[in-house]
Amino acid sequence: MIDEIEITRLIVKNALDDFLDNVDVDVAIAGGGPSGLVAARYLADEGVRVVLFERKLSIGGGMWGGGMMFPKIVVQEDAVHILDDFGIKYSGKNGMFVASSIESVAKLTAKAIDAGVTIFNGISVEDVLIRDSGVSGFVINWSSVEVAGLHVDPLAIRSRFCVDATGHPTEVCKIVQMKVGGLNTASGNIEGEGSMWADKSESLVVENTKEVYPNLYVAGMAANAVFGAPRMGPIFGGMLLSGKRVSDLILGKLKKK
Ligand code: 48F
């Protein structure tokens, strides 16, 4: 006998248990695009407690669409070891490789979950928790509340480090700029992304992956948008390497503490 009430109990209890297990973590990531997923997996591999919040129902951000909805991504030689690490197939020559955007999202997501990352979809980061020491968590709400424009107060989760991996809109940094100020950029504000220049952008995105305010890091396209570098289009090596770099930087900090 299938009892609908038992289904309700199982869903609500298990979802709430997961939620309560993740209100006080080591690292909280805003955005489940390629950079956020890669960062989450490599941190979790080292036993770090990681939670990732994604606004949409689907994880993967701008990766699904490949280039102009042709479902392929290009990855340069430097980042191919990350495709290998996630078991993503590719083909190519002369240092430029092509993979399926769909396989890429599926495997990035699966490996992050297998490593122990908890992913909450349909939840948006709408503010940060701020202390004298810096950013100390995220303020979150259902994306459906945001979309409906309902006046519903959010809840907060605490984390030792936060990552803005929200892509082009740099949503977490925008909030910090507006409400707190003093980002670690040339002007102290978000510099804004430039027009497409893939070669320059791909190396800058790794360089720009860093702490932008105490305990808040930027990764992926958000890093280039915050520090004023160009966009790159559907070449994804930089996104993968940026995710790896932010995990290395945070692991270094966690080991020092
Ligand atoms: O945009 P996105 O894929 O970020 P990324 O990891 O990768 C960028 C590439 O996809 C592409 C590119 C590479 O050539 O330029 O654009 O830097 O993923 C960002 C994710 O963050 C979610 C959003 O729905 C998307 O899935 N997101 C954005 N704002 C919020 C958020 C928020 N406030 N809270 C939670 N999730």
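Modeller: Contact here means heavy atoms within 4.5 Å. The model is predicted.

Biologist: What makes Ile 29 a residue that touches Val 163?

Modeller: The cut-off is heavy atoms within 4.5 Å. Ile 29 touches Val 163, and also Phe 138, Ala 165 and Leu 52, among others. Residues up to four places away in sequence are not counted.

Biologist: Which residues touch the most other members of the largest nonpolar core?

Modeller: Ile 29, Val 163 and Ile 250 do, in a core of 45 residues. A second, separate core has 27 residues, including Ala 28 and Tyr 213.

Biologist: Why is the pair between Met 221 and the ligand called a polar contact?

Modeller: A polar contact needs N or O atoms within 3.5 Å. A backbone N or O atom of Met 221 lies 2.8 Å from a ligand oxygen. So the pair qualifies.

Biologist: How do you know that His 168 makes a polar contact with the ligand?

Modeller: A polar side-chain atom of His 168 lies 3.2 Å from a ligand oxygen. The limit is 3.5 Å, so this pair counts too. The protein covers 92% of the ligand's 730 Å² of accessible area.

Conventions:
Residues are numbered from 1 along each chain as its sequence is written. This is a predicted model: local features need pLDDT of at least 70, side-chain atom pairs count only at pLDDT 80 or more; totals for chains, interfaces and linings use all residues. Side-chain values use heavy atoms; hydrogens and water are left out. A nonpolar core is a set of buried Ala, Val, Leu, Ile, Met, Phe, Trp, Tyr and Cys residues joined through side-chain atoms within 4.5 Å. Buried means under 20% relative accessible area, exposed over 50%, partly exposed in between (1.4 Å probe, protein chains only). A polar contact is a pair of N or O atoms within 3.5 Å; within protein, one must be able to donate a hydrogen and the other to accept it, and residues adjacent in sequence count only if both atoms are side-chain atoms. Accessible areas come from the Shrake-Rupley method with a 1.4 Å probe; for residues, only the protein chains shown count as cover.
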